[in-house]
Amino acid sequence: MPKPEAKPHILALANQKGGVGKTTTAINLAAGLAELGKRVLLVDIDPQGNSSTGMGIRPDDRKRTSYDLIVDGASIQDVVMPTSMEQISIIPANADLSSADLEIVSNERRSYLLHDALHRPEIDGYGFDYILIDCPPALSLLTINALVASDSVLVPLQCEFFALEGLSQLMLTIRDVRRSANPDLRIEGIVLTMHDRRNRLTAQVEADARANMGELVMRTTIPRNVRISEAPSHALPVLSYDPASKGAEAYRALAREIADRRKTPATAEA
Ligand code: ADP
Ligand code: MG
């Protein structure tokens with residue numbers, strides 16, 4: 001039987017800590033999924049606009065942004081831009097978004113604005129398989145908007161001391177969002193980033209995470225890799241910048257781990 005037109009899977013990259021690898025994972029997971037033949041929309045909702053920059057969208061070229069989508073009700077068509085990778089489109093962000101929380105707080109649909117924007121029928125025309133939302137480093141209204149809009153949330157966790165500290169607050173926020181607005185929100189997983197196999201602390205964080213969070217911790221870990229940190233200054237995902245690097249290999253594996261879960265087994269259609 002032919003499959004019905006599939007809706008895109010919407011996945012938020014969230015962790016209220018900065019510098020843990022949300023943006024890096026958003027960009028490179030997008031590239032990994034693209035290599036698997038998926039069409040991906042990357043939605044940058046961090047006012048710092050790092051994923052927009054990392055995908056080569058110059059600040060001057062960000063005429064319409066996720067601010068217009070979320071705050072002003074702009075259409076998808078108004079804000080979507082192509083990137084240098086054919087399979088990946090982006091809705092960029094810039095500093096306009098830094099006032100968004102204040103501007104939407106008195107709107108009665110303040111937590112649903114991104115959800116509503118991404119669930120308009122016009123999105124189907126693009127044929128996206130995945131929509132990845134790169135969140136700001138805060139449990140702000142913008143991050144709540146991402147969690148309400150998403151099917152699942154992937155949490156990058158940096159392998160360092162205190163890594164697990166902020167996790168319980170994020171888990172509470174996810175629970176609140178499930179209770180109030182999005183009961184179907186799943187935790188895609190926790191992905192350990194900047195993993196250094198020779199480092200005792202990394203081993204400790206990994207052991208703690210796997211002991212406490214069990215199956216939620218992704219099998220794939222992302223190594224600390226200099227090519228990963230160099231790639232954004234070339235406006236490329238590491239998969240294009242240095243396709244054979246350890247970092248590129250790891251993000252390919254992460255994309256496969258996530259995409260494999262969405263393969264519908266032939267028997268499950270009955
Ligand atoms: P966030 O979006 O959570 O603030 P970023 O993805 O911007 O975090 O990462 C923070 C910094 O760490 C960036 O300079 C990035 O290039 C670097 N970085 C991220 N992941 C890795 C990695 N696996 N190896 C080396 N550097 C990394
Ligand atoms: Mg970021």
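Colleague: In which loop of this predicted model is methionine 194 placed?
Modeller: The model is predicted, and its elements are named along the chain. Two elements flank methionine 194, a strand and a helix. Methionine 194 sits in the loop between β7 (186-193) and α9 (200-213).

Colleague: Is methionine 194 buried or exposed?
Modeller: A residue counts as buried when 20 or more other C-beta atoms lie within 10 Å of its own. Methionine 194 has 24 other C-beta atoms within 10 Å, so this residue is buried.

Colleague: What is the phi of methionine 194?
Modeller: Most residues other than glycine have a negative phi. Methionine 194 is not a glycine, yet its phi is positive. The value is about 50°.

Colleague: Which other residue, in the loop between α10 and α11 (238-241), can be considered here?
Modeller: Phi near 60° is found in a residue other than glycine. With 16 C-beta neighbours inside 10 Å, that residue counts as partly exposed. The residue in the loop between α10 and α11 is alanine 235.

Colleague: How many helices and strands does the protein chain have, and what is its radius of gyration?
Modeller: The secondary structure comes to 12 helices and 7 strands. The globule rule gives 18 Å for 270 residues, and the chain lies close to that value, so it is as compact as a globular protein of that length. Its C-alpha atoms fill a box of roughly 50 × 50 × 35 Å along the principal axes. The radius of gyration is 18 Å.

Colleague: What percentage of the contacts between residues at least 6 apart in sequence join residues at least 24 apart?
Modeller: Buried residues make up 45% of the 270 residues in the protein chain. Among the contacts between residues at least 6 apart, the share that joins residues at least 24 apart is 78%.

Colleague: Which residues of the largest nonpolar core touch the most other members?
Modeller: The largest nonpolar core has 76 residues. One of those with the most contacts to other members is leucine 42, which, leaving aside neighbours within four places in sequence, is in contact with Ala26, Ala30, Ser51, Met55, Ile88, Ile90, Leu132 and Asp134. The full group is Ala30, Val40, Leu42, Leu132, Ile133, Ala146 and Tyr251.

Colleague: How many residues of helix α7 are buried?
Modeller: Helix α7 spans residues 141-149 and is mostly covered. Its buried residues include Leu141, Asn145 and Ala149. The count is 9 of 9.

Colleague: Which residues does leucine 185 touch, not counting those up to four places away in sequence?
Modeller: Leucine 185 lies in the loop between α8 (167-180) and β7. Because leucine 185 has 20 C-beta neighbours inside 10 Å, it counts as buried. Its C-alpha atom is separated by 5.1 Å from that of aspartate 151, 34 residues apart along the chain. The residues touched are Leu147, Ser150, Ser152, Val153, Ile174, Val177 and Arg178.

Colleague: What distance separates the C-alpha atoms of leucine 254 and threonine 25?
Modeller: Leucine 254 belongs to helix α12 (residues 246-260). With 24 C-beta neighbours inside 10 Å, leucine 254 counts as buried, and its contacts beyond four places in sequence include Leu29, Gly32 and Val191. Leucine 254 and threonine 25 are 229 residues apart along the chain, and their C-alpha atoms are separated by 9.3 Å.

Colleague: Is proline 82 buried or exposed?
Modeller: Proline 82 is found in strand β3 (residues 81-82). A residue counts as exposed if 12 or fewer other C-beta atoms lie within 10 Å. Proline 82 has 11 such neighbours inside 10 Å, so it counts as exposed.

Colleague: Which element gives the most residues to the shell around ligand 1?
Modeller: The ligand is surrounded by 18 residues, the closest being Lys22, Thr23, Thr24, Ile228 and Ser229. The elements that give two or more residues are α1 (22-35) and α10 (226-230). By class, the shell has 6 nonpolar, 10 polar and 2 charged residues. With 3 residues, the element that gives the most is α1.

Colleague: What ipTM does the predictor give the complex?
Modeller: The protein chain averages a pLDDT of 94, and 96% of the residues score at least 70. Where pLDDT is low, the predicted coordinates should not be read in detail. For the complex, the predictor gives a pTM of 0.96 and an ipTM of 0.99.

Technical notes
Residues are numbered from 1 along each chain as its sequence is written. Chains are lettered from A and ligands numbered from 1 in the order in which they are written. This is a predicted model: local features need pLDDT of at least 70, side-chain atom pairs count only at pLDDT 80 or more; totals for chains, interfaces and linings use all residues. A residue is near a molecule or strand if its C-beta atom, placed from the backbone, lies within 6 Å of it. Helices (H or I, at least four residues) and strands (E, at least two) are DSSP runs, numbered from the N terminus. Ala, Val, Leu, Ile, Met, Phe, Trp, Tyr, Cys and Pro count as nonpolar, Asp, Glu, Lys and Arg as charged, and the others, Gly among them, as polar. The radius of gyration is taken over C-alpha atoms; the globule rule is 2.2 Å times the number of residues to the power 0.38. Two residues are in contact if their C-beta atoms, placed from the backbone, lie within 7 Å. A nonpolar core is a set of buried Ala, Val, Leu, Ile, Met, Phe, Trp, Tyr and Cys residues joined through C-beta atoms within 7 Å. pLDDT is the predictor's confidence in each residue, from 0 to 100.
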